[in-house]
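Below are some notes on the coordinates, set out as numbered points. Please read them alongside the sequence.

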Amino acid sequence: MTATLRRATIEDADTVSSLGARTFTETFAHLYPTQDLETFLAYAYGLERTRNDLADPAKAAWLLEDDGEAIGYALAGPCGLPHPDARPEHGELYRIYVLKSHQGGGRGSILLSTALDWLEKDGPRPLWIGVWSENFGAQKLYGRLGFEKVGEYRFPVGETKDLEFILRRG
């Protein structure tokens, strides 16, 4: 594997924004009406939101690159999941995506372990992840890492409301 990992900076906002929209579309576009998908992409992966995330000292993002091309990324920070036990001082893995053409070979694992290590850099604390109820592969992976389902909520993608599971470790 020739991929390299680095911490994303505000100067990477265009790359992170477009990579986020591309990876989400690759993975989930078939589930949504066009208008719902477009509304969600503009909100979730818009340039202004991405810049704000990258400028926030409480959050961290990493880019996985292969020969200078961004092929994946992760974003983590304070927990904001809608669960009565969730607190901002807890950590949350917000996003972890790798382009389909580069999946396999441990690339996602590098992003995941880096983000989880960063979330616990000041010591162990509860960690949270929201995962789509039908993403069985991710649920299995997170289960192997000690995450357990503790709740669920409706995640809006435009007018569509997906069932999202809330997972916690610690």
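1. In helix 4, the buried residues (under 20% relative accessible area with a 1.4 Å probe and protein chains only, where exposed is over 50% and partly exposed in between) are Arg107, Leu111, Leu112, Ala115, Leu116, Trp118 and Leu119. They lie on the same side of helix 4 because they cover an arc of only 160° around the axis, taken from the directions from the helix axis to the C-beta atoms.

2. This is a predicted model, in which local features need pLDDT of at least 70 and side-chain atom pairs count only at pLDDT 80 or more, whereas totals for chains, interfaces and linings use all residues. Residues are numbered from 1 along each chain as its sequence is written, and side-chain values use heavy atoms, with hydrogens and water left out.

3. Arg95, which lies in strand 4 (residues 91-98), is buried yet has no salt bridge (a side-chain nitrogen of Lys or Arg within 4 Å of a carboxyl oxygen of Asp or Glu), and the nearest side chain of opposite charge, Asp53, is 4.5 Å away. The side chain of Arg95 does, however, reach the backbone oxygen of Ala44 at 2.9 Å.

4. The structure holds seven salt bridges, one of which joins the side chains of Arg6 and Glu65 at 3.2 Å, N to O. Arg6 lies in strand 1 (residues 4-7) and Glu65 in strand 2 (residues 60-66), so this pair ties together parts that are 59 residues apart in sequence. Arg6 counts as partly exposed at 32% relative accessibility, while Glu65, at 15%, counts as buried.

How values were computed
Helix = DSSP H or I, 4+ residues; strand = E, 2+ residues; numbered from the N terminus. Lys, Arg positive; Asp, Glu negative; His and termini not counted. Polar contact = N/O pair within 3.5 Å; in protein donor to acceptor, adjacent residues only side chain to side chain.
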